[in-house]
Amino acid sequence: MSAGAILLCGGTGRRLGLRVEKPLVPLNGRPLFAWSLEALERCEAVGGIVVVGPAGKRDEMLSSCGIVAVKVVAWVDGGRERRDSVANGLKALPPEYDLVAVHDCARVLVTPNLIARVIADAMLSGASIAAIPLEDTLKRGTLQRIDTTVPRTGLWRAQTPQAFRRDWLEQAHATMRGVATDDAMMVEACGRAVRITEGDSLNFKITSQRDLALAAAWLTARAV
């Protein structure tokens with residue numbers, strides 16, 4: 001099987017308190033999205049990449065990313081919802097790629113190794129996602145009262161990348177209705193089994209200024 005990737009570069013940056021689109025938020029001298037794009041470029045398991053980005057920002061993003069994106073085979077606009085953006089990426093991905101890895105550019109510390117492991121597991125099983133086991137004790141309740149302690153056994157925090165047989169992912173997008181928080185949920189709804197590839201606690205999603213600072217600190221330490 002040949003693997004292609006869809007890199008989702010959505011988000012407005014409002015939750016970061018910034019007026020620039022999230023993929024273009026500066027992070028250690030480069031726009032945020034460039035770190036994930038570089039990891040996909042460096043991953044030998046990925047043959048081609050479709051970038052799904054803000055409308056009209058292609059040239060600005062390419063000129064500012066700081067790398068030569070030789071694997072990018074298409075650049076398309078995002079949709080209204082996450083699933084619409086993935087669907088746009090699927091349509092643009094060349095037909096020779098029969099396995100699709102989907103990654104959110106806000107997870108800037110993803111490594112080529114993690115991407116390759118998710119793809120390898122998906123090639124064996126048809127679908128796999130990066131995820132990490134929950135370590136904290138879970139409580140259900142309000143600020144005033146804890147109602148119960150929730151057993152954490154068997155609970156995982158889903159990440160990206162998530163990789164699927166292309167025909168499974170296309171079927172999921174064609175048939176599922178309603179809200180889906182990730183692509184695995186859509187594939188599961190079609191009755192497909194999705195495997196878990198152990199992820200990385202550093203592969204967190206940037207949603208706040210604190211996350212941005214943590215990622216910047218790690219990237220600085222890694223460069224030393």
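Let's start with the largest pocket of this predicted model: strand β4 (46-53), helix α3 (82-92) and strand β10 each supply at least two residues of its lining. Among these contributors, β10 deserves a closer look, since it gives the most to the lining of the largest pocket, with four residues. The residues that lie nearest the centre of this pocket are Gly10, Gly11, Arg82, Asp104 and Lys205.

Now meet the second largest pocket, which has a volume of about 320 Å³. Closest to its centre are Ile132, Pro133, Arg157, Gln159 and Ser201. Here the elements that give two or more residues to the lining are β7 and β10, and the largest share, three residues, comes from β10.

Here are the two pockets side by side:

| Pocket | Volume | Lining residues | Nonpolar | Polar | Charged |
|---|---|---|---|---|---|
| Largest | about 990 Å³ | 35 residues | nine residues | 14 residues | 12 residues |
| Second largest | about 320 Å³ | 16 residues | five residues | four residues | seven residues |

Next, let's follow strand β7 (residues 127-133). Is this strand largely enclosed or open to the outside? Six of its seven residues are buried, so β7 is largely enclosed by the rest of the structure.

Which strands pair with β7? One partner is β10 (residues 156-165), which runs antiparallel to β7 and is joined to it by six bridges. Within this pairing, Ile129 has Gln162 of β10 as its bridge partner. The other strand to find is β11 (residues 195-198), which runs parallel to β7 and shares four bridges with it. There, Ala131 stands opposite Glu198 of β11.

Definitions and conventions. Residues numbered from 1 in each chain as written. Predicted model: local features only at pLDDT ≥ 70, side-chain atom pairs only at ≥ 80, totals over all residues. Heavy atoms only, no water. Buried < 20%, exposed > 50% of the residue type's maximum accessible area, 1.4 Å probe, protein only. Pairing = 2+ DSSP bridges. 1 Å grid on protein atoms, 1.4 Å probe; cavity = no way out; pocket = protein on both sides within 12 Å on 5 of 7 lines; lining within 4 Å. Points joined across faces, edges and corners; volume = space filled by probe spheres on them. Nonpolar A, V, L, I, M, F, W, Y, C, P; charged D, E, K, R; others polar.
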